[in-house]
Amino acid sequence: RRASDSSGGADPATVDRLFEWRSFTAAGLQTSVELSGTPTSLSEIRVTVNGTLVSYSTLDGWFYDSATNSIIFYGDSIPGSETQVIVTYPIAGTCL
């Protein structure tokens, strides 16, 4: 069976990503982190894994998914099962 995009044609890249995601999650790797607040500035999001800054990239880095308010990891930047992930970002609010 082949996956299809909305136009009805096969999309091999989507199929590859789906199988890659299933492999990572089956291995216990964390492919995404849901944020507790909504970032007010995407350019100020900082993601570190075990203290190392991770680049914004859909190849080997992270991407912010506004639909799920999550950081999605890709490629070599997908954290292992025993890693510390820290995401910092500004949120709207009032100072007391």
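**Close-up views of a predicted model**

**View 1. Ser-77 and the residues it touches.** Leaving aside residues up to four places away in sequence, Ser-77 touches Val-54, Asp-60 and Gly-61. This is a predicted model, and this first view starts with a single serine. Ser-77 sits in the loop between β5 (70-73) and β6 (85-88). Is Ser-77 buried or exposed? Its relative accessibility is 15%, and buried means under 20%, so Ser-77 counts as buried. One of its neighbours deserves a second look: a polar atom of the Ser-77 side chain lies 3.0 Å from the backbone oxygen of Asp-60.

**View 2. The whole chain, for orientation.** Stepping back, you can find 1 helix and 6 strands in the protein chain. Followed along the sequence, these elements give the pattern α-β-β-β-β-β-β. The chain has 96 residues, and 27% of them count as buried. Among contacts with a separation of 6 or more, 58% are between residues 24 or more positions apart. The chain exposes about 6700 Å², and carbon and sulfur atoms supply 52% of that area.

**View 3. The open sheet.** Here 3 strands form an open sheet in the order β1-β5-β4, with antiparallel pairing. Its edge strands are β1 (32-34) and β4, each of which pairs on one side only. From one strand to the next, the twist averages 20 degrees.

**View 4. Where β4 meets β5.** Now look at one pair of strands from that sheet. How many bridges join β4 to β5? There are 4, and the two strands run antiparallel. For a landmark, start at Trp-62 and look across to β5, where its bridge partner is Phe-73.

**View 5. The largest nonpolar core.** This core has 13 residues. Which of them touch the most other members? They are Ile-45, Val-47, Trp-62, Ile-71, Phe-73 and Val-87. The strands β2 (46-49), β4 (62-65) and β5 each supply at least two residues of this core. You have already met Trp-62 and Phe-73 as bridge partners, and here they appear again as core members.

**View 6. Val-47 and its neighbours.** Let us finish with one core residue. Not counting residues up to four places away in sequence, Val-47 touches Thr-52, Leu-53, Val-54, Trp-62, Ile-71, Phe-73, Ile-86 and Val-87. Val-54 links this view to the opening one, since Val-54 is touched by Val-47 and also by Ser-77.

Conventions. Residues are numbered from 1 along each chain as its sequence is written. This is a predicted model: local features need pLDDT of at least 70, side-chain atom pairs count only at pLDDT 80 or more; totals for chains, interfaces and linings use all residues. Side-chain values use heavy atoms; hydrogens and water are left out. Buried means under 20% relative accessible area, exposed over 50%, partly exposed in between (1.4 Å probe, protein chains only). A polar contact is a pair of N or O atoms within 3.5 Å; within protein, one must be able to donate a hydrogen and the other to accept it, and residues adjacent in sequence count only if both atoms are side-chain atoms. Contact means heavy atoms within 4.5 Å. Accessible areas come from the Shrake-Rupley method with a 1.4 Å probe; for residues, only the protein chains shown count as cover. A nonpolar core is a set of buried Ala, Val, Leu, Ile, Met, Phe, Trp, Tyr and Cys residues joined through side-chain atoms within 4.5 Å. Two strands pair if DSSP finds at least two bridges between them. Axes are lines fitted to C-alpha atoms, for helices over the stretch in contact, and angles run from 0 to 180 degrees between N-to-C directions.
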